[in-house]
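Here are my notes after going through the model, point by point. Have it open while you read.

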Amino acid sequence: MGGRGAVFSLEAAMTIRPATPADAPGVARVHVDSWRETYRGIVPDDFLDGLSYGRREQMWRGGLENPNWQGVMFVAEDRALGVVGFVAGGPPREPLGSFDCELWAIYLLRAHQGKGLGRGLFTRFVGEMASLGQTSMFLWVLAENPTVGFYRHMGGKKVGEKEVELGGKMLLEHAYGWSGLGVMGW
């Protein structure tokens, strides 16, 4: 899997590599567009329409430029199109059981799903976390997310649930967890 500096190539036109501050605009575009593609009809339209590329860019750039940021981010890049997906995570934002790291976000534009990029991003992140000494991981996902089966396919077990409010609507989130990050053999 390699360390943070290694580049993983899926095919000639696609790579998965560590993110840099210069990737912040592309990451923001993927973040906002994938939310709108995935959650239309689940999350209120006003909330989705109010998502801001500028605010997301500022959020991700702030982390990527901060030498003390504890996060890890990789991007999936198409040579012609730029950033088409990303994964980010690090220390848990809120503790959940004995899990020692959290996958905060994994997003891939719909046109690039089903080609192995999601799996590549996921396994690259897991490999990095294992190399940093992390042994277990969890993530939160909206229960109605149409791609939630991906997490089960990747070996995740449901380990929790909670309600969250988005745009004035209460929605259910499920937590999926993985143990033994250093021995996962995809």
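1. Let's begin with Thr123, which sits in helix H4. Keep in mind throughout that this is a predicted model. Is Thr123 buried or exposed? Its relative accessible area is 12%, and the cut-off for buried is under 20%, so Thr123 counts as buried. Its side chain also has a polar partner: one of its polar atoms is 3.3 Å from the backbone oxygen of Gly120.

2. Now the helix around it. H4 runs over residues 117-131, 15 residues in total, and spans 21 Å from first C-alpha to last, close to the 21 Å expected at 1.5 Å a residue. Twelve of those 15 residues are buried, so H4 is largely enclosed by the rest of the structure. The buried set includes the glycines Gly118, Gly120 and Gly127, and also Arg124 and Glu128. Just past the end of H4, Gly133 adopts a positive phi of about 90°.

3. On to the nonpolar interior. Which members of the largest nonpolar core touch the most other members? They are Val43, Phe86, Met137 and Trp178, out of 51 residues. Strand S5 is the top contributor to this core, giving seven residues. A separate core of five residues lies apart from it, with Leu96, Phe138, Trp140 and Ala175 among them.

4. Met137 deserves a look of its own. Setting aside neighbours within four places in sequence, Met137 is in contact with Phe122, Phe125 and Val126, among others; those three are also on the list of buried residues in H4. Its other contacts include Phe99, Cys101 and Leu103, along with Tyr176, Gly177, Trp178 and Leu181. Trp178 is itself one of the residues touching the most other members of the largest core.

5. Helix H3 (residues 53-65) is another one to check. Its 13 residues reach 18 Å from first C-alpha to last, close to the 18 Å expected at 1.5 Å a residue. Which of its residues are buried? Trp60, Gly63 and Leu64 are. They cover an arc of only 100° around the axis, which puts them on the same side of H3. The face turned away from that buried side carries Arg55 and Gln58, both exposed.

6. What do the buried residues of H3 pack against? The partners are helix H1 (24-39) and three strands: S3 (72-78), S4 (82-90) and S5 (101-108). At the N-terminal end of H3, Ser52 acts as a cap, with a side-chain oxygen 3.2 Å from the backbone nitrogen of Gly54.

7. Strand S2 (residues 14-18) is worth a click too. Five of its five residues are buried, so S2 is largely enclosed by the rest of the structure. S2 pairs with S3 in the antiparallel sense, over five bridges. One of the residues to pick out is Thr15, whose bridge partner in S3 is Glu77.

8. Last, Leu172 in strand S8 (residues 169-179). With 34% relative accessibility, Leu172 counts as partly exposed. Beyond its neighbours within four places in sequence, Leu172 is in contact with Val141, Leu142 and Ala143, and also with Glu161, Lys162 and Glu163. Take Lys162: ten residues separate it from Leu172 in sequence, while their C-alpha atoms are 5.9 Å apart in space.

Terms used
Residues numbered from 1 in each chain as written. Predicted model: local features only at pLDDT ≥ 70, side-chain atom pairs only at ≥ 80, totals over all residues. Heavy atoms only, no water. Helix = DSSP H or I, 4+ residues; strand = E, 2+ residues; numbered from the N terminus. Expected span 1.5 Å × (residues − 1). Buried < 20%, exposed > 50% of the residue type's maximum accessible area, 1.4 Å probe, protein only. Arc of directions from axis to C-beta. Contact = heavy atoms within 4.5 Å. Polar contact = N/O pair within 3.5 Å; in protein donor to acceptor, adjacent residues only side chain to side chain. Core = buried A, V, L, I, M, F, W, Y, C linked by side-chain atoms within 4.5 Å. Pairing = 2+ DSSP bridges.
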